[in-house]
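This report introduces a protein structure to a reader who has not met it before. The sequence and the model are shown first, and the description follows.

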Amino acid sequence: MTSLTLVIGNKNYSSWSLRPWLAMKQMGLEFTEIRIPLYQVGSSAQVRRYSPSGKVPVLLHDEITVWDSLAILEYLIEQFPALPWLPLAARPRAIARSISAQMHSSFADLRHHMPMNIRAYVPGGTVPASVQADITSITTIWRECREAFGMGGSFLFGAFTIADAMYAPVVTRFMTYGVQLDSVCSTYAEAILALPAMQDWMTAAKHETETNESYTNPPN
């Protein structure tokens with residue numbers, strides 16, 4: 001049994017779980033997956049068995065426990081430094097780290113009004129100005145990275161990095177809520193969705209049976 005175990009939530013809803021899961025799959029790491037359906041009776045107690053914060057995802061590596069998506073990714077960068085988690089050159093490497101942290105700490109209105117729900121398709125709703133501002137900021141990041149560093153690949157820095165893992169759940173949100181994208185951003189989104197690991201995640205999400213009302217009917 002592998003020494004890496006990743007504890008995640010529902011694949012349909014848990015955007016934070018998707019981030020390290022996708023990165024680990026893309027880097028070819030073998031790991032055991034423990035999925036805990038959230039928003040169910042007893043869910044919190046199950047998560048607490050693994051997570052000091054009471055939240056997922058959680059990485060278990062031998063005797064070490066790491067929680068929080070970005071902390072997990074940074075830990076994996078340290079443990080497996082030969083893998084291409086980040087660009088090699090200093091400037092794009094710094095930008096990749098910065099936009100990953102920005103995704104981690106920002107865009108609260110987008111998260112609130114457009115929660116991840118892979119099984120849903122609800123285009124055409126009213127988009128509050130604050131949410132549109134988040135969309136504009138994210139798509140600007142995508143365009144600038146693609147234009148400055150995207151040569152030689154389909155992702156933000158050409159080859160896949162942790163930055164792509166951090167923004168992958170946003171791609172699913174844009175798909176769910178029918179957000180219109182320009183050609184650069186739509187091509188990038190298509191590249192994320194076409195990843196075999198991403199396809200596996202979405203297929204599993206569509207076969208889950210748990211539901212959560214706040215994700216099915218998000219606030220306007």
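## Strand β1 and its sheet

In this predicted model, residue L4 of β1 stands opposite H61 in β3. The next residue along, T5, faces L60 of β3. These pairs belong to the contact between strand β1 (residues 4-8) and strand β3 (residues 58-61), which are antiparallel and joined by four bridges. Strand β1 also pairs with β2, again through four bridges, but here the two strands run parallel. Within that pairing, V7 has I34 of β2 as its bridge partner.

The residue pairs named above are collected in the following table.

| Residue of β1 | Opposite residue | Strand of the opposite residue |
|---|---|---|
| L4 | H61 | β3 |
| T5 | L60 | β3 |
| V7 | I34 | β2 |

These pairings are part of an open sheet of four strands, ordered β2-β1-β3-β4, in which the pairing is mixed. The edges are taken by β2 (32-35) and β4 (64-67); each has a single partner strand, so one side of each is left without a neighbour in the sheet. On average, neighbouring strands of the sheet are turned by 20 degrees against each other, direction ignored.

How many of the residues of β1 are buried? Five of its five residues are, and the strand is mostly covered. Their side chains are divided between two directions: L4, L6 and I8 point one way, T5 and V7 point the other way, and all are buried. Helix α1 (residues 15-26) lies across β1, β2 and β3, and runs at about 150 degrees to β1.

## The chain as a whole

The protein chain contains 10 helices and four strands. Along the sequence, these elements follow the pattern β-α-β-α-β-β-α-α-α-α-α-α-α-α. The radius of gyration is 17 Å, close to the 17 Å that the globule rule gives for 220 residues, so the chain is as compact as a globular protein of that length. The C-alpha trace spans about 45 × 45 × 25 Å along its principal axes.

Of the 220 residues, 50% count as buried. The accessible surface comes to about 10200 Å², and carbon and sulfur atoms provide 53% of this area. Among contacts with a separation of 6 or more, 72% are between residues 24 or more positions apart.

## Helix α8

Helix α8 (residues 183-194) has 12 residues, which at 1.5 Å a residue should span 16 Å; its end C-alpha atoms are 16 Å apart, which agrees. The buried residues of this helix are C185, Y188, A189, A191, I192 and L193. An α-helix has 3.6 residues a turn, so residues three or four places apart point the same way. The cover over the buried residues of α8 includes α6 (129-149), α7 (162-176) and α9 (196-207).

## Residue E208

The loop between α9 and α10 (213-216) holds E208. Is E208 buried or exposed? Its relative accessibility is 10%, and buried means under 20%, so E208 counts as buried. Although E208 and K11 are 197 residues apart in sequence, their C-alpha atoms are 7.7 Å apart in space. Apart from neighbours within four places in sequence, E208 is in contact with N10, K11, N12, R35 and R119.

How values were computed
Residues are numbered from 1 along each chain as its sequence is written. This is a predicted model: local features need pLDDT of at least 70, side-chain atom pairs count only at pLDDT 80 or more; totals for chains, interfaces and linings use all residues. Side-chain values use heavy atoms; hydrogens and water are left out. Two strands pair if DSSP finds at least two bridges between them. Axes are lines fitted to C-alpha atoms, for helices over the stretch in contact, and angles run from 0 to 180 degrees between N-to-C directions. Contact means heavy atoms within 4.5 Å. The radius of gyration is taken over C-alpha atoms; the globule rule is 2.2 Å times the number of residues to the power 0.38. Buried means under 20% relative accessible area, exposed over 50%, partly exposed in between (1.4 Å probe, protein chains only). Accessible areas come from the Shrake-Rupley method with a 1.4 Å probe; for residues, only the protein chains shown count as cover. The expected span of a helix is 1.5 Å times one less than its number of residues.
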